[in-house]
Amino acid sequence: MQSDQVTHDFYQQASSSLKLGTSDKSKIVRIGVIGCGRIGQLHIDNINSRIANAEVVCVSDFIPDAAINVAKKFHIPMACTKHEDLLDYAKVDAVIVCSPTDTHAQIIKDAARRGIHVFCEKPIDTQIPVIRDAVQATKQHGIKFMVGFQRRFDRDFQRVLEARKSGSLGDPLKLTLISRDPAPPPIEYLKQSGGIFLDQAIHDFDMARFLMGEDIVEIYATGFARDPKVAEIGDIDNATCHIKFQSGAIGIIDNARETKYGYDQRAELFGSKGTISIENEFPNTARTLSPNGLSSDLPLNFFMERYSSAYLEEMQAFIRCLQENKPVPVGGDEGLIPVIYSEVAKKSFHENRPVKVKEIDPSLA
């Protein structure tokens, strides 16, 4: 029996059992998850274990075994290989899109045409026109569309935002964001990632707008590839972006693909009256003091650990918007702008000069 048929049979059997068991759950938000990798599974676990009045009722993955195994692991009654089957037969209210980036836009448009709300992991796509088309589809069909920038929901970054909004820092003058991964992704992933500015720095471009409350108008990006394999594919693994905001404030974004001491996530917002900073998180608060000095364990080594609470808060916010019919906190346009900044940074790096955002998108001038 072919793998597609195996998945189809499991899907049909599970679908029947679901219909028999949910007659008293009409108020529950029914969720489908497309993409059964680590992020998809994280969202499934959060929704089914920690979020009230919502449940994942179907999963989809183009790898049949992935869909079936995740469905069994989390006791989800439906699984399929084609996202269209999930959209057409699972009777979902919304979908969580965690599939490869080049599939996002089509899934978003297919869901929008069916009136199904969408949460999509970043980026929406690597191409700006494709993103605009997908975002327009969500507006045309009136669905709620949220993009996954989980750092906005992190309690530390939220505290920086509160400090800026309260005025306690005075006028925001300089922002420093450090975002260094513990280990580089596989080279095959990097080949289709869109490069360091789109794949990694995109979170920092979004966070810069979020924390400062204003748009970036100019970027000067520099960097290099320490790994020859990264250089061979035309990418870099260390980058620094000098950014300028509308108000004249400035900032620095520091990215690295490999950091031997763990996942490095720090930030500082310096203002005319004070400063506020974020330090790394550690697995414990223990410190060892000896004749050799003061030491501690290394910082948390994985983004899913560092931002576990933020991922939960993010998904709770999306579900709440569905339940209360409120606007989402991170819409499609918010997902588009960091991609535009990524293109500005890429152009700056290749041309070795500061590039104004309006050179890529005049509407953001």
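**Notes on a predicted model**

1. The helices α10 and α14 cross in a right-handed sense (for handedness, the near helix is turned clockwise from the far one by less than a right angle; anticlockwise would be left-handed). Helix α10 covers residues 201-212 and helix α14 residues 332-351, and their axes come within 9 Å and cross at roughly 115°. Axes here are lines fitted to C-alpha atoms, for helices over the stretch in contact, with angles from 0 to 180 degrees between N-to-C directions. Helices (H or I, at least four residues) and strands (E, at least two) are DSSP runs, numbered from the N terminus.

2. A word on the basis: this is a predicted model, where local features need pLDDT of at least 70 and side-chain atom pairs count only at pLDDT 80 or more, while totals for chains, interfaces and linings use all residues. Residues are numbered from 1 along each chain as its sequence is written, and side-chain values use heavy atoms, with hydrogens and water left out.

3. Which residues of α10 meet α14? They are Ile202, Phe205, Asp206 and Arg209, and their partners in α14 include Ile337, Tyr341 and Ala345 (contact means heavy atoms within 4.5 Å). The residues of this contact divide into 7 nonpolar, 1 polar and 3 charged. Ala, Val, Leu, Ile, Met, Phe, Trp, Tyr, Cys and Pro count as nonpolar, Asp, Glu, Lys and Arg as charged, and the others, Gly among them, as polar.

4. You may like to look at the salt bridges, of which the structure holds 28 (a side-chain nitrogen of Lys or Arg within 4 Å of a carboxyl oxygen of Asp or Glu). In one of them, the side chains of lysine 356 and glutamate 218 meet at 3.0 Å, N to O. Lysine 356 sits in strand β15 (residues 355-356) and glutamate 218 in strand β8 (residues 216-224), so the pair ties together parts 138 residues apart in sequence.

5. Do check the backbone at lysine 122 and proline 123, which are joined by a cis peptide bond with omega of about -20°. Proline 123 is in the loop between β5 (117-121) and α6 (128-140).

6. Two asparagines also deserve a glance. Asparagine 53, in the loop between α2 and β2 (54-60), has a positive phi, near 60°, in a residue other than glycine. Asparagine 325 has a positive phi too, near 55°, and belongs to the loop between α13 (308-324) and α14.
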